[in-house]
Amino acid sequence: HTRCQSVTGVQTCALPILFNTLNTIVEFVRSDPARAEEMLLDLSDLLRHALRAADRHVVPLAEELALLDLYLDIQRARFGPRLQIERRIEPEALAAGVPVLLLQPLVENALRHGLDESDVPVTVSLEARVQDERLRLAVRDDARGGPDGSAGEGIGLPNIRQRLIALYGDEFGFAAGPRRDGGFAVEFTLPVQPHNVPPFSP
């Protein structure tokens, strides 16, 4: 049952990547065929690695960040310097396990509510550290969002919560909400190794 929920969650994350990225690529097919081809290759790499990792459910944070980089390569081709990424990742956090494709939906949400809806640059900050045998992970953005101020909400968060429950039971922390100075923040506290997932090999 846990395996079914986890794999379904990964598939739910992967499908929007596929459809949204293909829509983006269509925009470049005529105006910049070389860029469109490069984006297709990046998308192929991303989906191949993501589906290969799905059977493990949990991967080292270093691998999750590598998957995110493939996604960001595609988005940089679209948004250029308007997309800014800041990372504060402590080295000991890189071996800690996280659900595969945990980060990508959160970054995509920031882009949807920020770069798609205005010409203002958006900065996405990723932070990770290990404290008291727990991984503390945060994804924050300064996207202003739509007129209802709902930047960051609703897109993928229920799915992420269900995946965390399936993997960790009640052994995790999860908080999401708007930031006081604008944008959205999602924060996780996860066991360094979930109790019901076989050990991974970094």
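**Close-ups: salt bridges, core and strands**

**Figure 1. Arg88 and Glu86 pair up through their side chains in a salt bridge, N to O at 3.6 Å.** A salt bridge here is a side-chain nitrogen of Lys or Arg within 4 Å of a carboxyl oxygen of Asp or Glu. This is a predicted model: local features need pLDDT of at least 70, side-chain atom pairs count only at pLDDT 80 or more, and totals for chains, interfaces and linings use all residues. Numbering starts from 1 along each chain as its sequence is written, and side-chain values use heavy atoms, with hydrogens and water left out. Arg88 is partly exposed because its relative accessibility is 44%, and Glu86 falls in that class because its value is 37%. The cut-offs: buried is under 20% relative accessible area, exposed is over 50%, and partly exposed is in between (1.4 Å probe, protein chains only).

**Figure 2. Arg140 has two acidic partners, Glu127 and Glu187.** With Glu127, the N to O distance of the salt bridge is 2.9 Å. Glu127 sits in strand E4 and Arg140 in strand E5, so this pair ties together parts 13 residues apart in sequence. The closest N and O atoms of Arg140 and Glu187 are 2.8 Å apart. That pair links distant parts of the chain, since Arg140 is in E5 and Glu187 in strand E7, 47 residues apart. Arg140 counts as buried because its relative accessible area is 19%; Glu127 is partly exposed at 23%, and so is Glu187 at 37%. Zoom out a little, and Glu86, Arg88, Glu127, Arg140 and Glu187 are linked in a network of salt bridges. The whole structure has nine salt bridges.

**Figure 3. Glu64 is buried and has no salt bridge.** Which residue offers the nearest side chain of opposite charge? That would be Arg163, 6.9 Å away. For charges, Lys and Arg count as positive and Asp and Glu as negative, while His and the chain ends are not counted. Instead, the side chain of Glu64 reaches the backbone nitrogen of Leu102 at 2.8 Å. That fits the definition of a polar contact: N or O atoms within 3.5 Å, where within protein one must be able to donate a hydrogen and the other to accept it, and residues adjacent in sequence count only if both atoms are side-chain atoms. Glu64 itself belongs to helix H3, residues 61-79. Helices (H or I, at least four residues) and strands (E, at least two) are DSSP runs, numbered from the N terminus. Setting aside residues up to four places away in sequence, Glu64 touches Val59 and the run of Val98, Pro99, Val100, Leu101, Leu102, Leu103 and Gln104; contact means heavy atoms within 4.5 Å.

**Figure 4. The largest nonpolar core has 44 residues.** A nonpolar core is a set of buried Ala, Val, Leu, Ile, Met, Phe, Trp, Tyr and Cys residues joined through side-chain atoms within 4.5 Å. Leu61, Leu135, Leu137, Leu164, Phe174, Phe188 and Leu190 touch the most other members. Elements that each supply at least two residues include helices H2 (33-54), H4 (104-113) and H5 (157-168), along with strands E1 (58-60), E4 (122-131), E5 (134-141) and E7 (184-191). H3 gives the largest share, eight residues. Another core of eight residues lies apart from this one, with Ile25, Phe28, Ala36 and Met39 among them.

**Figure 5. Strand E7 is mostly covered, with seven of its eight residues buried.** E5 and E7 run antiparallel and are joined by eight bridges, and one partnership is Val139 with Val186 in E7. Pairing requires at least two DSSP bridges between two strands. E7 also pairs with strand E6 (residues 173-178) in the antiparallel sense, over six bridges; Gly177 stands opposite Ala185 in E7. E6 and E7 make a hairpin with five residues between them, and Gly182 in the turn has a positive phi of about 105°. Leu190 contacts Gly97, Val98, Pro99, Arg134, Leu135, Leu164, Tyr168 and Phe172, leaving aside neighbours within four places in sequence.

**Figure 6. For context, the protein has five helices and seven strands.** From the N terminus on, their order is α-α-β-α-β-β-α-β-β-α-β-β. Of its 202 residues, 48% count as buried. Among contacts between residues at least 6 apart in sequence, 74% join residues at least 24 apart.
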